[in-house]
Amino acid sequence: MPVSALRPSPPPHSTETTSEGSFRALFEAEQRKSQRLRALVALGTALAATLDLDELLDKALTLALEFSGHDQGSLMLLAPERKSLTVQAAVGGDLSRLHSVIPVAGGSVASWVLRRKRPLYLEGRAESLTHVPRAYSKDLPSSISLPLLKPPRQAIGVVSLNATRQAAHLSPDDIEVLQIMANQLAIALDNADLYRRLQIKEQQLQEAATRLVHAQEEERRRVAYDIHDGLAQMLVGTYQRLQAFQGRRPGRAREAKEELSGLQDQFRRSLEEVRRVIADLRPSSLDDFGLERSLQQYLAEAGREAGWSVQFTFATGGLVLLPHCEATIFRILQEAVSNARKHAHSPRLLVKVARRAHHLVIEVRDWGNGFDVDTSRHAAGPGQRVGLMGMAERATVMGGAFQIKSQPGKGTQVMVRFPLEAIAGLERKNP
Ligand SMILES: Nc1ncnc2c1ncn2[C@@H]1O[C@H](COP(=O)(O)OP(=O)(O)OP(=O)(O)O)[C@@H](O)[C@H]1O
Ligand SMILES: [Mg+2]
């Protein structure tokens with residue numbers, strides 16, 4: 001590795017014999033070697049164990065200072081436009097340099113190191129050096145600046161270590177180890193940056209999904225109101241007119257009377273269907289009564305129609321759910337219950353919404369036909385059997401985990417676990 005270094009000649013050991021001297025030198029060299037290894041292992045361990053970026057930078061700087069015998073360190077990272085360096089971590093000395101910005105175009109040591117992608121080790125004043133920039137005016141016993149190089153040799157920043165009390169007398173081997181440490185740190189920083197960007201993306205996706213659910217619910221609500229205020233009112237009006245017409249013309253022919261009452265029947269059924277569609281589009285009771293009572297009403301009705309005995313538990317301990325989460329939970333339960341009604345033929349049904357330490361768990365269980373979950377997943381054609389998929393998707397959008405267990409003849413259990421922080425608003429003061 002090319003290393004620029006100014007080193008004084010070592011002081012002579014005049015009182016030692018030659019063999020004592022070489023033995024001591026050998027011993028010190030071995031000690032230094034194991035020190036180098038320990039420094040690398042310590043950095044590797046710190047990089048693997050620390051998730052917090054600031055803590056990681058401080059730890060890496062401290063380890064580099066310890067190993068190199070310097071007492072002040074800064075770590076600078078290149079801005080995305082690559083025109084300036086910002087001090088991201090500082091250990092020892094005046095910490096006001098933290099967050100200061102150094103232009104890359106200037107004549108600083110950091111820019112020199114960054115441009116040449118080489119470490120620069122200096123002992124004593126540097127003004128006498130021809131290869132060091134003019135603006136350099138450190139008056140220190142020793143200092144070393146190292147580029148942070150990520151593969152394939154892309155410089156993303158600089159580590160600068162200063163000794164303010166006495167020169168550290170680094171050997172080329174020491175400098176090589178420090179450069180390996182800087183490169184390791186560069187990879188860790190790059191990974192941390194990737195991870196951070198991924199987290200931001202994930203958060204943006206989550207927010208977009210939430211907005212989508214919101215928009216979908218809003219749209220459903222609007223359509224429900226439109227149908228309720230428009231089509232449903234017209235149907236009611238026409239039905240009433242039919243009734244009035246029948247009342248005014250009692251003596252008509254038998255066929256006409258039968259036809260009329262057939263029409264009335266058809267109208268009544270149409271009205272019921274429209275009401276069902278409205279309720280399905282937007283369980284308006286959710287706005288008026290909240291999730292618990294809406295579910296109670298829905299299950300009472302579904303139970304009546306299916307002839308079930310329904311066991312319903314709602315134990316959320318005062319948890320206030322975000323409105324779009326209430327709608328999501330209602331829809332998942334609605335589909336699971338509707339599946340039980342359509343496919344299970346179970347004598348009873350259990351529906352549970354319960355708060356655990358960190359989750360809200362919802363469960364629908366029947367003791368009916370059951371089915372083979374894996375086979376069913378592949379058996380559907382386009383547009384068919386979207387219920388299970390829809391439940392799983394709705395759960396995922398809200399950060400939940402969807403699970404279905406079923407066996408032919410043994411019934412079905414649908415379970416979703418939502419992390420509380422993803423679905424809860426503020427706690428109710430008096431649960
Ligand atoms: N509780 C249940 N008991 C028995 N079989 C079930 C149950 N739930 C789902 N199934 C089986 O899984 C299949 C897929 O369910 P899914 O809800 O995806 O579709 P679907 O109910 O047939 O149609 P839709 O798209 O209208 O919901 C069903 O056709 C049925 O065979
Ligand atoms: Mg279904």
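The following exercises, with worked solutions, concern a predicted model.

**Exercise 1.** Determine how many residues the largest nonpolar core has, and which element gives the largest share of this core.

Solution. The largest nonpolar core has 44 residues. Within this core, the residues with the most contacts are Ala64 and Val158. Helix H4, residues 172–248, supplies the largest share, namely nine residues. For Ala64, the partners beyond four places in sequence are Gly73, Val159, Leu161, Leu178 and Met181. A second core, separate from the largest one, has 28 residues; among them are Leu295, Ile332, Ala336 and Val353.

**Exercise 2.** Identify which residues a cis peptide bond joins, and locate Pro152 relative to the strands.

Solution. The cis peptide bond joins Pro151 and Pro152, with omega about -5°. Pro152 is placed in the loop that runs between strand S6 (142–150) and strand S7 (154–163).

**Exercise 3.** For His169, state the sign of phi, then classify the residue as buried, partly exposed or exposed.

Solution. Phi of His169 is positive, about 50°, although the residue is not a glycine. His169 belongs to the loop between S7 and H4. A residue is buried at 20 or more other C-beta atoms within 10 Å and exposed at 12 or fewer. His169 has 15 C-beta neighbours inside 10 Å and therefore counts as partly exposed.

**Exercise 4.** Locate His345 and decide whether this residue is buried or exposed.

Solution. His345 sits in the loop between helix H7 (323–344) and strand S9 (348–355). Its phi is positive, near 50°, in a residue other than glycine. Because 12 other C-beta atoms lie within 10 Å, His345 is exposed.

Methods
Residues are numbered from 1 along each chain as its sequence is written. Chains are lettered from A and ligands numbered from 1 in the order in which they are written. This is a predicted model: local features need pLDDT of at least 70, side-chain atom pairs count only at pLDDT 80 or more; totals for chains, interfaces and linings use all residues. A nonpolar core is a set of buried Ala, Val, Leu, Ile, Met, Phe, Trp, Tyr and Cys residues joined through C-beta atoms within 7 Å. Helices (H or I, at least four residues) and strands (E, at least two) are DSSP runs, numbered from the N terminus. Two residues are in contact if their C-beta atoms, placed from the backbone, lie within 7 Å.
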